[in-house]
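The exercises below ask you to read a fold strand by strand, with the sequence and the 3D structure beside you. Try each task before you turn to its solution.

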Amino acid sequence: MTVDGNLPDPPADVTVEPATPDDRLDVLRILDAAMLETDADAVDDRIAAGDALVARSARTGGVVGALVAVRPAPDRLRVDAVAVRRARRGRGIGSALVAGTVRRAARDRAVAAVTATFDADLRAFYEGLGFAVRPAGAADDAADGGADDAGDGRAVAPADGSPERLEGRVSVPGREPP
């Protein structure tokens, strides 16, 4: 799939913007509350690179959601973690954060695609944002941190019994990766 202009805007009471060093603690707290593995130094690096976004309440100025993207290759952004405060979930904030990352990729001439690896229950979320979805580890995606697949298009369930993992990709028009 490619970026098309149908990306959602944030809810009226929220802005999505690059995270600043002052947002660091809020980003870490939101990701931790969502039980996402977080490395504080990596978050610092992603904030400095402009690859971390926050969703901010227009009313209070407080951070209500966060997204951290990494660069597994110079031409790719990968959504590493995205989370929204429990009380604000289901209102389009997570979608607006991912859409913000896709828009950021479109503005960065070096980036050809945005990817994400996620549990199968998030398939509709990413497909709704224009991501083409397939089993994690399919084809050349092992470099993105995906699991191996069975060679027949089915994802191999991790040995630890965790949910099936999928990968999504959205390409920037005119810059599709080889």
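**Strand β5 and its surroundings**

Six of the seven residues of β5 are buried (under 20% relative accessible area with a 1.4 Å probe, protein chains only), so this strand is largely enclosed by the rest of the structure. The model is a predicted one, in which local features need pLDDT of at least 70 and side-chain atom pairs count only at pLDDT 80 or more, while totals for chains, interfaces and linings use all residues. Residues are numbered from 1 along each chain as its sequence is written, and side-chain values use heavy atoms, with hydrogens and water left out.

**Exercise 1.** Find which strands β5 is joined to, and in which direction each pair runs.

*Solution.* Strands here are DSSP runs of E with at least two residues, helices are runs of H or I with at least four residues, and both are numbered from the N terminus; two strands pair if DSSP finds at least two bridges between them. On one hand, four bridges join β4 to β5 (residues 113-119), and these two run parallel. Along this pair, R78 stands opposite T115, and L77 stands opposite V114. On the other hand, β5 is joined to β7 by seven bridges, and here the strands run antiparallel, with F118 opposite L166.

**Exercise 2.** Describe how helix α3 is placed with respect to the strands.

*Solution.* Helix α3 (residues 93-107) lies across β1, β2, β3, β4, β5 and β7, where contact means heavy atoms within 4.5 Å. The helix runs at about 160 degrees to β4, an angle taken on a scale from 0 to 180 degrees between N-to-C directions of axes fitted to C-alpha atoms, for helices over the stretch in contact. Together, β4, α3 and β5 make a right-handed β-α-β unit: with the strands pointing away from the viewer, the path from the first strand over the helix to the second runs clockwise.

**Exercise 3.** Work out the strand order of the sheet, and explain why one side of β1 and of β6 has no neighbour in it.

*Solution.* The open sheet has seven strands in the order β1-β2-β3-β4-β5-β7-β6, with mixed pairing. Because β1 (14-18) and β6 (132-135) stand at the edges, each with a single partner strand, one side of each is left without a neighbour in the sheet. Neighbouring strands are turned by 25 degrees against each other on average, direction ignored.

Conventions: Buried < 20%, exposed > 50% of the residue type's maximum accessible area, 1.4 Å probe, protein only.
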